Amino acid sequence: MFKVAIDGPGGAGKSTISKAAAKQKGFVYIDTGAMYRAAALFCMRQGIDIQNNPERAAAAVDTISIDIDYQQDGQHIYLNGEDVSEQIRTPEVSMGASEVSAIGKVRERLVAFQQELAASKNVIMDGRDIGTKVLPDAQVKIFLTASAEVRAKRRYDELVAKGDDVSFHEVLKDIEKRDRNDETRAVSPLKPAEDSVLLDTSALSFAESLQAVVDIIDKKL
Ligand code: C5P
């Protein structure tokens with residue numbers, strides 16, 4: 001099986017690029033951030049203060065079922081049977097996901113699930129720890145990044161297009177806070193795998209970033 005691991009900070013374009021690259025290569029795209037988001041959504045609906053009560057959050061995540069369905073328009077994610085693909089894309093859930101993903105027990109459960117999903121398929125999987133932890137044997141590892149300002153601008157444009165009432169400053173602050181959380185947490189902090197290719201998309205268009213990723217994959221295929 002051929003495995004491509006794409007890691008990097010939030011808003012670097014990982015999911016859109018990975019999805020498009022997977023389509024081109026006929027691989028299955030797996031978005032692991034969506035799983036942390038679904039776990040966070042569940043805790044938030046239960047009224048759990050994730051940061052101050054990590055044990056309760058971990059126990060809650062232990063009870064949920066997460067299912068992934070691969071459809072024409074991309075991955076759909078189900079939390080206890082409910083399609084939450086849309087509900088997980090809010091700034092509140094983004095922050096909750098960053099908090100819930102710092103809990104070791106939550107990571108253990110979701111990493112095992114991700115490894116199971118990837119076992120029998122050619123995949124492009126994106127996240128924060130795919131090259132370092134989930135698929136350490138991946139044939140291709142890419143660390144996709146961009147400056148915080150560029151990432152915030154992309155996220156801001158996305159949210160505004162959806163009709164969300166947000167300010168650029170708020171989005172940038174959120175991105176910087178999530179970067180800090182992801183880079184400084186004790187378990188699986190965000191960092192490039194030693195054998196990863198670093199790709200900075202700050203000055204690249206979407207088409208150029210996609211081409212760069214496909215070129216890296218093609219060299220190893
Ligand atoms: O990629 P996305 O923004 O959807 O991820 C949401 C959050 O989930 C990230 O900020 C990160 O804290 C966490 N995450 C993680 N490990 C992954 C994927 C996501 O810790 N493999």
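**Overall build and a few local details**

With 221 residues, the chain would be expected to show a radius of gyration near 17 Å if it were a compact globule, and its value of 16 Å agrees with that. The model discussed here is a predicted one. Along the principal axes, the C-alpha trace spans about 45 × 40 × 35 Å. As for secondary structure, the chain comes to 9 helices and 8 strands.

Half-and-half is a fair way to put the burial: 50% of the 221 residues count as buried. The accessible surface comes to about 10700 Å², and carbon and sulfur atoms hold 50% of that area. Turning to contacts with a sequence separation of 6 or more, 74% of them are between residues 24 or more positions apart. On the charge side, the chain has 29 positive and 35 negative charges, and the mean positions of the two sets are 2 Å apart.

Next come two spots in the backbone. Asparagine 80 has a phi near 45 degrees, which is a positive value in a residue other than glycine. This asparagine sits in the loop between strand E4 (74-79) and strand E5 (82-83). With a relative accessible area of 43%, asparagine 80 is partly exposed. Serine 188 also has a positive phi, near 45 degrees, and again the residue is not a glycine. The loop that holds serine 188 runs between helix H8 (168-184) and strand E8 (197-200). Serine 188 has a relative accessible area of 19%, so it counts as buried, the cut-off for that being under 20%.

Serine 188 turns up again among the contacts of aspartate 129. Leaving aside residues up to four places away in sequence, aspartate 129 touches Asp7, Arg107, Val111, Val134 and Ser188. The aspartate is found in the loop between strand E6 (123-127) and helix H6 (130-134). At a relative accessible area of 1%, aspartate 129 is buried. One of its partners, Val134, is also the residue at which helix H6 (130-134) ends, while another, Asp7, closes strand E1 (3-7).

That leaves the aromatic rings, where the count comes to 2 pairs. In one of them, phenylalanine 2 and phenylalanine 27 have their ring centres 5.9 Å apart and their planes at 55 degrees, which makes the pair tilted. This pair links distant parts of the chain, 25 residues apart: phenylalanine 2 is in the segment before strand E1 (3-7), and phenylalanine 27 is in the loop between helix H1 (14-25) and strand E2 (28-31). Both partners are tucked away, with phenylalanine 2 buried at 10% relative accessibility and phenylalanine 27 buried at 11%.

The other pair joins tyrosine 156 and phenylalanine 168, with centres 6.0 Å apart and planes at 90 degrees, so it is edge-to-face. Tyrosine 156 belongs to helix H7 (residues 148-161) and phenylalanine 168 to helix H8, so the pair ties together parts that are 12 residues apart in sequence. Here the partners are partly exposed: tyrosine 156 has a relative accessible area of 23%, and phenylalanine 168 has one of 32%.

Definitions and conventions:
Residues numbered from 1 in each chain as written. Predicted model: local features only at pLDDT ≥ 70, side-chain atom pairs only at ≥ 80, totals over all residues. Heavy atoms only, no water. Helix = DSSP H or I, 4+ residues; strand = E, 2+ residues; numbered from the N terminus. Rg over C-alpha atoms; globule rule 2.2 N^0.38 Å. Buried < 20%, exposed > 50% of the residue type's maximum accessible area, 1.4 Å probe, protein only. Contact = heavy atoms within 4.5 Å. Areas by Shrake-Rupley, 256 points an atom, 1.4 Å probe, with all protein chains shown as cover. Lys, Arg positive; Asp, Glu negative; His and termini not counted. Charge placed at Lys NZ, Arg CZ, Asp CG, Glu CD. Phe/Tyr/Trp six-rings, centres within 6.5 Å; stacked < 30°, edge-to-face > 60°.
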